[in-house]
Amino acid sequence: MSRPIAGIIASIAILGVSLIFLFQSFQYPYRGSYGPGPGFFPTWMSGILLVLSLLCLIEALRGKNQSDEPWPVGQGLRSLLYVLGCLIAYVFLIRYLGYIVTGMIFLFLLLIRHYKWYIALIPAVVAPLALYYLFRNFLGILLPEFRF
Amino acid sequence: MDSFLSLLHGFETALSGWNLLYCLLGVTIGMLVGILPGLGPVAGTALLIPVTFGMDPVSAIIMLAGIYYGSMYGGTITSVLINVPGETASVITCIDGHQMAKQGRAGAALGIAAIGSFIGGVTAIVCLALIGPVLANLALKFGPPEFFAIMMFGLVMLIALVGKSIIRGLVAAAIGLLLSLVGMDPITGLVRFNFGQTALLDGFDFTILAIGLFAFSEILISLEQSIESMKPAKIGGLMPRRDEWKPSFKAIGRGTGIGMMLGLIPGASAIIASLMSYTTEKRLAKDPSRFGKGAIEGVAGPETANNAHSGASLIPLFTLGLPTSPTVAVILSAFILHGLTPGPTLFTKNPDFTWGVIASMFIGNVILLIMNLPMIRLWAKIAAIPYKLLYPLILIVTLTGTYAVNRSLWDVAMTVFFGIVGYFFRKLDIPIAAIIFTFVLGSQIESSFLQSLATSQNGMLIFFTRPISSTILGIAILVLLLSIFSGIKNKRMKIASDVEM
């Protein structure tokens, strides 16, 4: 993905978001009993964002002031996607498997890339258990339990 | 004299049993957060907010502030020993600090950094104690139009200083404001932009947004580089050579001044302060070629500047309720959670709280000086933990912490979501700091704007007919126009583009 394309896609995405917010804003009363109502500020803000995203799009099309941050490729991209995958899996699994089991799987999957499995297993098992009891006993917060 | 007596009274508060412990706890966590790369002060303070729920407001803010200025000390250690900034403000320290370490003089670098940090930090707090009440008194006369003008000024400065494109800065600001509108409208009670989600009735949680956008995206970015563990350098003696004291203290003096000036300006982050101090030292040095090869001024100046900056950045918070950096924004949100209104009334309405926190920062800096001189070897061991072991643990702690904020799995998912968004924004050079700024001030910006309009006889003109607000807004507009037309932004260093402090 070359850089201007990323800028263009981002501008269009923000444009879309601003349109959604703008249409939503129209549903709130623009005027209240005293001066402007709850719809006033949202309408203007999403309107302003709409204009700004258009300007942003123009800037991107012209290739002006664009970011020179490199996008990841190869190994960097792979490890990024791997960790993202683990994060998303964590978010989905924790609902069913509870905190301790999910946390262990999550840590193990991340650590196995760098360590032998029996070394990775130690922090993967200890950390979620420690955190679970720390949160329960010191903060009184019960983390999600295992349930089907 | 008045403030002196209040400060003494503040020490009474800060030294009383639990508060002293929370101060110690705060600066210890701050050191940790500073040392560990991938975990910055934004995440550190944000994650600890839920822990403070049961505490006194004084204890809570004492601890959170401790994390903030403590992290400035801690960051140095990682920079010097393994050439990786523990937190972003210490990037500059890597240059000469790590060179000194390679020459076997890591101890001297860390020693002078600790001394400089202490001097910079304490001077900034003295200023807060002296200027704070005066400025707050002045600001007491401000009405909604003035506060609106000040917030706009802060925003404009932030946008002018951060990132390459003014337009993208404005986009970020608008996104932050729109996100802050999600949930119940404080004036009418109408629920806005919840898109049918019950979880959004109360809007987005600031903690979640800050951790996602800053901490998670930071870790995601770090994954792209190959993760190699470096062996930390040996520390050696802590004291600089005899002939180095004089130039070091001069650098510390200048660093204090630079840090404090920039701490007052929203958007001028700690890294800009340390960068400016570094270039100043290099320019003033008799032999600039020493820089980059282990010049001690290159460590003393920047490290002092970022500590002076963190102390000074609390002045706008305590007197105007204006956050000048994302971490201060997190502390501001903690003020609100604990029922305090940051701003000019703080000194008069909650003197015990205000002076207690200020006094605690003196104590905290003394503790940090001890931690960083005699106890430095202990902390250096933590810097030796390899990143490949560290980042999974940081991720799990953060994920656990975000659940604890509201005991909600939705929040965990949102943190990951904002992490991904933050990653793309960083890549696209959309300044996250501007999103955080307008998000945390969102409801205040809206209400001060609407209140101004409601009391106004002639609409928007109210902002320009009152002398103070018109002056501030005038300057803001001038800054905005200058930064659009001057093209300075393109020439600025990439390093200052989007940083946490």
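Start with the loop between β2 (191-192) and α9 (206-222) of chain B, which is where B:Phe193 sits. This is a predicted model, and in it B:Phe193 has a positive phi of about 50° despite not being a glycine. Is B:Phe193 buried or exposed? It counts as buried, because 21 other C-beta atoms lie within 10 Å.

B:Arg407 makes a nice companion. Its phi is also a positive value, near 50°, and it too is a residue other than glycine. You'll find B:Arg407 in the loop between α18 and α19 of chain B. B:Arg407 has 12 other C-beta atoms within 10 Å, so it counts as exposed.

Now for B:Ala46, in helix α3 (residues 41-48) of chain B. This residue has 33 C-beta neighbours inside 10 Å and therefore counts as buried. Setting aside neighbours within four places in sequence, what does B:Ala46 contact? The list is B:Thr207, B:Ala210, B:Ile211 and B:Val330. There's a long jump along the chain here as well: B:Ala46 and B:Ala329 are 283 residues apart in sequence, yet their C-alpha atoms are 9.8 Å apart in space.

Here are those three residues side by side.

| Residue | C-beta atoms within 10 Å | Status |
|---|---|---|
| B:Ala46 | 33 | buried |
| B:Phe193 | 21 | buried |
| B:Arg407 | 12 | exposed |

Time to zoom out to chain B as a whole. It has 23 helices and two strands. Its radius of gyration is 22 Å, close to the 23 Å that the globule rule gives for 501 residues, so chain B is as compact as a globular protein of that length. Its C-alpha atoms fill a box of roughly 70 × 55 × 50 Å along the principal axes. Of its 501 residues, 64% count as buried. Take the contacts in chain B between residues at least 6 apart in sequence: 80% of them join residues at least 24 apart.

One helix pairing inside chain B is worth a look. The axes of α1 (residues 2-15) and α16 (residues 351-372) of chain B come within 7 Å and cross at roughly 75°. The two helices, α1(B) and α16(B), are therefore roughly perpendicular to each other. On the α1(B) side, the residues that meet α16(B) include B:Leu7, B:Phe11 and B:Ala14, while α16(B) brings B:Trp355, B:Ile358 and B:Ile363, among others. Sorted by class, this contact has eight nonpolar, six polar and one charged residues.

Then there's the other chain. How many residues of chain B are in contact with chain A? The count is 49, and they touch 54 residues of chain A. On the chain B side, α8 (166-181), α18 (387-406), α19 (409-427) and α20 (432-455) each supply at least two residues. The largest share, ten residues, comes from α18(B). By class, this side of chain B has 32 nonpolar, six polar and eleven charged residues.

Across the two chains, helix α3 (residues 74-111) of chain A pairs up with α19(B): their axes come within 10 Å and cross at roughly 170°. That makes α3(A) roughly antiparallel to α19(B). A:Leu87, A:Ile88, A:Val91, A:Ile94 and A:Arg95 meet B:Leu409, B:Val412, B:Ala413 and B:Val416 here. The contact of α3(A) with α19(B) has eight nonpolar, no polar and one charged residues.

Finally, chain A's domain assignment gives domain 1 (5-62) and domain 2 (74-138). The C-alpha centres of these two domains of chain A lie 39 Å apart.

Conventions. Residues are numbered from 1 along each chain as its sequence is written. Chains are lettered from A and ligands numbered from 1 in the order in which they are written. This is a predicted model: local features need pLDDT of at least 70, side-chain atom pairs count only at pLDDT 80 or more; totals for chains, interfaces and linings use all residues. Axes are lines fitted to C-alpha atoms, for helices over the stretch in contact, and angles run from 0 to 180 degrees between N-to-C directions. Helices (H or I, at least four residues) and strands (E, at least two) are DSSP runs, numbered from the N terminus. Angles under 35 degrees count as roughly parallel, over 145 as roughly antiparallel, 65 to 115 as roughly perpendicular and the rest as oblique. Two residues are in contact if their C-beta atoms, placed from the backbone, lie within 7 Å. Ala, Val, Leu, Ile, Met, Phe, Trp, Tyr, Cys and Pro count as nonpolar, Asp, Glu, Lys and Arg as charged, and the others, Gly among them, as polar. Domain bounds come from an automatic or database domain assignment. The radius of gyration is taken over C-alpha atoms; the globule rule is 2.2 Å times the number of residues to the power 0.38. A residue is buried if 20 or more other C-beta atoms lie within 10 Å of its own, exposed if 12 or fewer, and partly exposed in between; C-beta atoms are placed from the backbone.
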